[in-house]
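Hi,

Here is the model I promised to pass on. Could you have a look when you get a minute?

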Protein chains: 2
Amino acid sequence: MGQHGQEQGRPDTRTRIQDAATELFRRNGYSGTGLKRIAAEADAPFGSIYHFFPGGKQQLTEETIRTAGAAYGRMVLALLDTVADPVESVAHAFEAAADDLEATGYADACPIAAVALEVASTNETLRVATADIFTEWVGAGEQWFARWVPDPGAARSLAHSLIMILEGAFMLSRATRDREPLRAAGQSMAVLLRSAIEQPGRPS
Amino acid sequence: MGQHGQEQGRPDTRTRIQDAATELFRRNGYSGTGLKRIAAEADAPFGSIYHFFPGGKQQLTEETIRTAGAAYGRMVLALLDTVADPVESVAHAFEAAADDLEATGYADACPIAAVALEVASTNETLRVATADIFTEWVGAGEQWFARWVPDPGAARSLAHSLIMILEGAFMLSRATRDREPLRAAGQSMAVLLRSAIEQPGRPS
DNA sequence: GTCTATAGGTAGATAGAC
DNA sequence: GTCTATCTACCTATAGAC
């Protein structure tokens, strides 16, 4: 159920539009997703999009980036806290990501990645929105790694690396329809974290 | 100069169209790039696109993915061979990538990344083209790492990780307009490679 | 406030002059 | 084989009925 979903039953129209937009942007990107298609998937009349998002496609996209991006970050963090040992937890998180990806026919990965690459050089408002989300994720990841890696710079570098290698692994796994990239990504992150824990003096 | 460029002077029309398409797809993605814009940037008449690429936008895009993708792989490999020590070489390659990215206003990164995310769930022909290129890169990277890492599985995992963390770093650096993600990526790859060289028995 | 119809513009694709 | 004019379909956005 969406963020602003009603207590029970079907989410309200605005929420359905945002949820449908999130799924379509994730699969088809920004330019590849039409507002008519969003309205159809949300089972909402076309005019409702401009009723709830008077700023049009850009406003809807910005809210989608910020809402879905923040939710995705929380989901990954929660996933990392289901296993006690940090190295095992990281490896487990990538396996879970591979399970999800495979279960959705290699469609549902990061909700903002495709849009981020499309707008980075073409739409400053949306570019800043994606940058804010990535920055938020790095900060949250840095705090998580800081529990086991005392050096702040090392924790920050690990957070960057986790996000980057996950995004890259999603790209390769979606393109090749193969779990192997995600598995290799999880192994590498496990090595990096173990190295940072065992050898605090060396750069990571 | 483009792959089929003439011996001297201006490249031929077909090459100019492909080169323009490569740059536009890299910056704006597949759906975000119109054929009229490609013709304009190539300084070619619109009809020439269908003269040289009778299959239309999809054929032009597929050829662009395969040509620019293979060239980009060769370029990165060549960059890795400019420094003798492998760990230093990897770190140097990411610094060079950051220099290039910054010099182009955070626009010119991987030529197929944006298209790959857009078509992965929407266009099977183009999805396969991106998968073929990624697979080609992994194979080439595997051979490069095998020079210093005897275990084939470890070399393959390192190749996957290099490509994935580079793609992820491009995504974050373009979005945030900051070199830091690319720098962190280079440091992490250096740690991974050093770990694989020094501890051949552990997974990498 | 929900929804339909449509305007204005641009997309990919094609026909045909030269 | 180079180039222009145009077709149909779809896009975002808006006007206005209910």
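Below are my notes on the two DNA strands, a helix pair and the chain interface.

A few ground rules before that: this is a predicted model, where local features need pLDDT of at least 70, side-chain atom pairs count only at pLDDT 80 or more, and totals for chains, interfaces and linings use all residues. Residues are numbered from 1 along each chain as its sequence is written, chains are lettered from A and ligands numbered from 1 in the order in which they are written, and side-chain values use heavy atoms, with hydrogens and water left out.

DNA strand D

This strand has 13 residues around it, the closest being A:Leu35, A:Lys36, A:Phe46, A:Tyr50 and A:Lys57 (near means that a heavy atom of the residue lies within 4 Å of the strand). Sugar or phosphate accounts for 52% of the strand D atoms within 4 Å of the protein, and bases for the rest.

As for polar contacts (pairs of N or O atoms within 3.5 Å; within protein, one must be able to donate a hydrogen and the other to accept it, and residues adjacent in sequence count only if both atoms are side-chain atoms), the side chain of A:Lys57 puts a polar atom 2.8 Å from a phosphate oxygen of strand D. A backbone N or O atom of A:Thr33 is 3.4 Å from a phosphate oxygen, while A:Lys36 has a polar side-chain atom 3.3 Å from a base oxygen. Two or more residues each come from α2 (35–41), α3 (46–52) and α4 (56–80) of chain A and from α3 (46–52) of chain B (helices are DSSP runs of H or I, at least four residues, and strands runs of E, at least two, numbered from the N terminus). With four residues, α3(B) gives the most to this surface.

DNA strand C

Again there are 13 residues around the strand, and A:Pro45, B:Leu35, B:Phe46, B:Tyr50 and B:Lys57 come nearest. Of the strand C atoms within 4 Å of the protein, 55% are sugar or phosphate. Phosphate oxygens of strand C lie 2.6 Å from a backbone N or O atom of B:Leu35 and 2.7 Å from a side-chain N or O atom of B:Tyr50. The side chain of B:Lys36 has an N or O atom 3.2 Å from a base oxygen. Here α3(A) gives the most, with four residues.

Between the chains

Helix α9 (residues 180–198) of chain A packs on helix α8 (residues 152–176) of chain B at about 95 degrees, with the axes 9 Å apart (axes are lines fitted to C-alpha atoms, for helices over the stretch in contact, and angles run from 0 to 180 degrees between N-to-C directions). That makes the two roughly perpendicular (65 to 115 degrees; under 35 is roughly parallel, over 145 roughly antiparallel and the rest oblique). Residues making this contact (heavy atoms within 4.5 Å) include A:Pro181 and A:Ala184 of α9(A), and B:His160 and B:Met164 of α8(B).

Overall, 51 residues of chain A touch 51 of chain B. The buried area is about 4,400 Å², 63% of it from carbon and sulfur atoms (accessible area, 1.4 Å probe, that two parts lose on being put together, summed over both). On the chain A side, A:Leu117, A:Met164 and A:Met171 lose the most, together 16% of what that side buries.

Cheers
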